[in-house]
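Please look over the sequence and the model shown here before reading on. The paragraphs after it take up the strands and then the ligand.

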Amino acid sequence: METSDGEAHCPVSSFNEWDLLEEVIVGVVDGACFPPSHVSLEAPLPHDQRAVFRKNAGRPFPPEQIAAAQKELDEFVHILEGEGVTVRRPVPSDQLQPYGAPGWSSTGLYDAMPRDVLLVVGNDIIECPMAWRSRYYATTSFKPLLKEYFKKGARWSAGPKPELKDELYDYNWTEPTNGGPVQFVITEFEPTFDAADFIRCGTDIIAQKSNVTNDFGIAWLARHLGDTYRIHVFEFNDPHAMHIDATLVPLAPGKLLINPERVPEVPRIFKGWDVFHAPKPIIPSEHTLYMTSKWINMNILSLDEKRVIVEHQDEPMIAALKSWGFKPIPCNFRNFNSFGGSFHCATLDVRRRGKLESYLLDGME
Ligand code: NVA
C-alpha cells in the first residue's frame, strides 16, 4: 500500500499506547464460556469467583450478560468509528468445541480480549504463547485478519507453540499469605506470555511477570524483538497478577496513570513524567466481575494524546481525566467489564500514526 506522498505504508504499525489511532481490532463476546477447571485459573481470579468458575466449568456465561456486553461493544464500535477509527472484528469461534494435546484436553474461553492474545510492536503482529489451556487456540478467530495484514506487508510472528504439560503449572499453588512472597502458578518449563503483560512506550517496553507470563517468555520476546527494543521488567503489588493494564497505563507521552495500591514507587525510568493516581473505582460490589478487580476502571484506551475512552458511569475518572487535560469520551462498558476487561483489553491497536521514538530515561541514555 502507498500513501499519497509515495511512502510505503504497512497496515500494522504501532509503537506505543497513545499515537493517533487509525485502525483497531475490537473483540467479540459471542459464545463466551467458563473454561474447564484448572489450577492456572485459581491464582489470577478474584477470590470470590474461584468457586463460581469451578461450578460452571465448561458452560456458557449467562446469555443475558453476554447480550448486555454485546450491546456495549456495539456502542464502543460506533464511538470509535465516529472518531474516525477503522474498526475490525474477529470471527467468533465455537468455544465449546473440545480440543487437546498430549496429556490434556480443554474447551475455550472467548474472543473478547484481543489485547491478551496478540502483541503489535511496530510492523510485527505476534501471536502469544498463552499459558491457559483454554486459550491455546485463542488466535483462531483473528486468523483472517492476520492473513490479510501479512499479505499487505505486515510481519506475522508467533511465540514457540507451548506444550502446556503439567510441568508448566504448580499444582501446589496456594494463595500468598499476608506479606509473604507472591508465588506464581506457572513455572519456567517453557516460554509463555500474554500480550497484556506488556505496555509499549516506543523503544522501551514495560513488562511484569505474572500468573501467565514467565521469565522464559519475556526472554523469548526480548530476543525476538532484538536490540532496537528494551524490555524492563517490574514487580508490582498485585497478588493475583495477570495483565499490567490495570496497574500502569501510559495515556500520552509524559503522562502515566498508576494504580496507587499496586505501584508504591514509580519506576525510575519514568522520571520527568506526570504521574496520575487513578481515582478509586466506584463499581458497586453487587456488579459481577468474573475475572478482574474493580481497578478495571483504569483500563482506558487513548485515541491520541488527548482523547481517551472511559466508562460512562465512572464520574470520578471522567472528572480526573478532564482536570489532567484530557478529553474523555464516555462509553457504557460495565457489563463488558464483567468478562474481565475494559477498553484497552477489548482492543488491539493495529495502526497508530507515528514512528519509533524513545520516551523514557533509559531509552534516551
Ligand atoms: N488482572 C487485573 C486486570 C487487568 C486488565 C485486575 O484484576 O485488576
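What follows describes two sheets and the surroundings of the ligand.

The model is predicted, so local features need pLDDT of at least 70 and side-chain atom pairs count only at pLDDT 80 or more, while totals for chains, interfaces and linings use all residues. Residues are numbered from 1 along each chain as its sequence is written, and side-chain values use heavy atoms, with hydrogens and water left out.

In general, the strands of a sheet pair through backbone hydrogen bonds, in either a parallel or an antiparallel sense. Strands here are DSSP runs (E, at least two residues) numbered from the N terminus, and two of them pair if DSSP finds at least two bridges between them. One open sheet has three strands in the order 2-1-17, with mixed pairing. Strand 2 (86-88) and strand 17 (347-353) stand at its edges, each with a single partner strand, so one side of each has no neighbour in the sheet. Neighbouring strands of this sheet are turned by 20 degrees against each other on average, direction ignored, the axes being lines fitted to C-alpha atoms and angles running from 0 to 180 degrees between N-to-C directions. Strand 1 (residues 20-26) and strand 2 run parallel and are joined by three bridges; Ile 25 has Arg 88 in strand 2 as its bridge partner.

Another open sheet of three strands follows the order 11-12-13, again with mixed pairing. Its edge strands, each pairing on one side only, are strand 11 (248-252) and strand 13 (274-277), and the twist from one strand to the next averages 30 degrees. Strand 11 pairs with strand 12 (residues 255-258) in the antiparallel sense over four bridges, and Val 249 has Leu 257 in strand 12 as its bridge partner.

Turning to the ligand, the residues around it (one heavy atom within 4 Å) include Met 242, His 243, Asp 245, Asn 299 and Cys 345. Polar side-chain atoms approach ligand oxygen atoms at 2.6 Å from Ser 293 and at 3.3 Å from Thr 292, while an N or O atom in the side chain of Arg 262 is 2.9 Å from a ligand oxygen. The protein covers 93% of the 270 Å² of accessible area that the ligand has on its own, areas coming from the Shrake-Rupley method with a 1.4 Å probe.

Key: A polar contact is a pair of N or O atoms within 3.5 Å; within protein, one must be able to donate a hydrogen and the other to accept it, and residues adjacent in sequence count only if both atoms are side-chain atoms.
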